[in-house]
Amino acid sequence: MDATIYHHPRCSTSRKALDRLRESGSEPTVVRYLDEGWTQDQLRRLFAAAGLTPAEAARKRDPLYAELGIADATDDEILAAMVAHPVLVERPFVVTAKGTRLARPLDSLDEIL
């Protein structure tokens with residue numbers, strides 16, 4: 001199965017998702033988004049495929065989220081912050097032929113494996 005994981009290696013949930021993909025028989029494409037960054041169009045497509053808004057896909061627990069004061073921001077403002085600071089995107093996102101999911105909880109991967 002073809003799969004892509006938007007991965008942060010220091011995140012335990014992201015590592016567990018990668019392990020689950022490999023256990024399912026897939027050797028996914030691993031995108032280290034903190035290194036590669038995002039574009040607004042890329043995030044729009046990813047979130048739309050997952051059925052999420054930018055606010056729902058934001059990593060609210062990151063101190064930078066509060067520091068930037070984007071809790072009441074528009075979608076475009078949140079996307080701009082995510083492009084400038086890739087760490088603000090919740091993780092991990094996984095894409096397969098069966099769909100796109102934010103793997104939180106990890107069991108949501110079962111729907112697309």
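User: In this predicted model, where does L109 lie?

Analyst: The model is a predicted one. Residue L109 is buried, at 0% relative accessibility. Leaving aside its neighbours within four places in sequence, L109 is in contact with A17, R20, V94 and A103. As for its place along the chain, L109 lies in the segment after β4.

User: By what distance are the C-alpha atoms of L109 and T96 separated?

Analyst: L109 and T96 are 13 residues apart along the chain. The separation between their C-alpha atoms is 9.6 Å.

User: In what order do the four strands of the open sheet stand?

Analyst: The pairing in this sheet is mixed. Strands β2 (29-31) and β4 stand at the edges with a single partner strand each, so each has one side without a neighbour in the sheet. Neighbouring strands are turned against each other by 15 degrees on average, direction ignored. The order of the strands is β2-β1-β3-β4.

User: Which residue of β2 is the bridge partner of T4?

Analyst: Strand β1 (residues 3-6) and β2 run parallel and are joined by three bridges. Within this pairing, the bridge partner of T4 in β2 is T29.

User: Which strands does helix α1 touch where it packs on the sheet?

Analyst: Helix α1 comprises residues 12-23. Its direction makes about 170 degrees with that of β1. In packing on the sheet, α1 touches β1, β2 and β3.

User: What angle does the direction of α3 make with that of β3?

Analyst: Helix α3 also packs on the sheet, where it touches β1, β3 and β4. The angle between the direction of α3 and that of β3 is about 75 degrees.

User: Which residue in β4 stands opposite F93?

Analyst: Strand β3 (residues 93-96) and strand β4 (residues 99-102) pair in the antiparallel sense over four bridges. The two strands form a hairpin, with two residues between them. In β4, the residue opposite F93 is L102.

User: Why are the buried residues of helix α5 on the same side of α5?

Analyst: In α5 (residues 75-84), the buried residues are I78, L79, A81 and M82. They lie on the same side of α5 because the arc they cover around the axis is only 160 degrees. In general, an α-helix has 3.6 residues a turn, so residues three or four places apart point the same way. The partners against which the buried residues of α5 pack are α3 (40-50) and α4 (63-68).

User: How many residues apart in sequence are the parts that the pair of Y6 and W38 ties together?

Analyst: The whole structure holds three aromatic pairs. Y6 and W38 form a tilted pair, with 5.3 Å centre to centre and 35 degrees between the planes. Y6 lies in strand β1 and W38 in the loop between α2 (33-36) and α3, so the parts tied together are 32 residues apart in sequence.

User: Which residues form one aromatic cluster?

Analyst: Both Y6 and W38 are buried. The members of the aromatic cluster are Y6, Y33 and W38.

User: Are F47 and F93 buried or exposed?

Analyst: The ring centres of F47 and F93 are 5.6 Å apart and the planes stand at 40 degrees, so the pair is tilted. F47 lies in helix α3 and F93 in strand β3, so this pair ties together parts that are 46 residues apart in sequence. Both F47 and F93 are buried.

User: To which residue's side chain is that of E90 joined by a polar contact of 3.1 Å?

Analyst: E90 lies in the loop between α5 and β3. It is buried, because its relative accessible area of 11% falls under 20%. Leaving aside neighbours within four places in sequence, the residues in contact with E90 include A57, R61 and L102. The side chain joined to that of E90 by the polar contact belongs to R104.

User: What distance separates the backbone oxygen of P105 from a polar atom of the side chain of S108?

Analyst: The place of P105 is in the segment after β4, and a cis peptide bond joins R104 to P105, with omega about 5 degrees. S108 is in the segment after β4 as well, and is buried, with a relative accessible area of 11%. From the backbone oxygen of P105 to the polar side-chain atom of S108, the distance is 2.8 Å.

Methods: Residues numbered from 1 in each chain as written. Predicted model: local features only at pLDDT ≥ 70, side-chain atom pairs only at ≥ 80, totals over all residues. Heavy atoms only, no water. Buried < 20%, exposed > 50% of the residue type's maximum accessible area, 1.4 Å probe, protein only. Arc of directions from axis to C-beta. Contact = heavy atoms within 4.5 Å. Pairing = 2+ DSSP bridges. Polar contact = N/O pair within 3.5 Å; in protein donor to acceptor, adjacent residues only side chain to side chain. Axes fitted to C-alpha atoms, helices over the stretch in contact; angles between N-to-C directions. Phe/Tyr/Trp six-rings, centres within 6.5 Å; stacked < 30°, edge-to-face > 60°.
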